[in-house]
Amino acid sequence: MIDITIPFQNKEYTIREVELPKFGKVFVSTVALNDSLMNDAGGYVSDEAKAIDEKIFHFVEQEELELPDDDLVQLLIEQAQ
């Protein structure tokens, strides 16, 4: 798995690349990033926010993003069902 950061609204968010059996390589990030991408009405705060969101497969809590590789993959498989 690869960890990268993405800047958005003057803050850095961690994104992990993971390989899922049915989906291949996907990006996962935090709920905090998802919250910053969306406005109170459920729309995107900007075109940049929409572009970022379209690249992220799933959002998880920060502590879940920090799980070991196998545990994070298992969590994503369970949540995708």
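**A walk from one salt bridge to a charged patch**

The count of salt bridges here comes to one, taking a salt bridge as a side-chain nitrogen of Lys or Arg within 4 Å of a carboxyl oxygen of Asp or Glu. Please keep in mind as you look around that this is a predicted model.

Let us start with that pair. The side chains of Arg16 and Asp69 form the salt bridge, with 2.7 Å from N to O. Arg16 belongs to strand 2 (residues 11-20) and Asp69 to helix 4 (residues 69-80), so the pair ties together parts that are 53 residues apart in sequence. The two partners can also be described by their accessibility. Arg16 is buried, its relative accessible area being 5%, whereas Asp69 is partly exposed at 36%.

Next, find strand 3, which covers residues 24-30 and contains Thr30. Is Thr30 buried or exposed? With a relative accessibility of 3%, Thr30 counts as buried, because buried means under 20% relative accessible area. Its surroundings are worth a look too: leaving aside residues up to four places away in sequence, Thr30 touches Tyr13, Thr14, Phe59, Val60, Gln62 and Leu65.

Finally, turn to the surface. Which residues gather there in a patch of negative charge? They are Asp35, Glu61, Glu63 and Glu66. Of these, Glu63 can be placed in helix 3, which spans residues 62-65. Glu63 has a relative accessible area of 54% and is therefore exposed, since the exposed class begins over 50%.

Note on methods: Residues are numbered from 1 along each chain as its sequence is written. This is a predicted model: local features need pLDDT of at least 70, side-chain atom pairs count only at pLDDT 80 or more; totals for chains, interfaces and linings use all residues. Side-chain values use heavy atoms; hydrogens and water are left out. Helices (H or I, at least four residues) and strands (E, at least two) are DSSP runs, numbered from the N terminus. Buried means under 20% relative accessible area, exposed over 50%, partly exposed in between (1.4 Å probe, protein chains only). Patches are made of residues with over 30% relative accessible area and no salt bridge: like charges are joined within 9 Å, nonpolar side chains (Val, Leu, Ile, Met, Phe, Trp, Tyr) within 5 Å. Accessible areas come from the Shrake-Rupley method with a 1.4 Å probe; for residues, only the protein chains shown count as cover. Lys and Arg count as positive and Asp and Glu as negative; His and the chain ends are not counted. The place of a charge is taken as NZ of Lys, CZ of Arg, CG of Asp or CD of Glu. Contact means heavy atoms within 4.5 Å.
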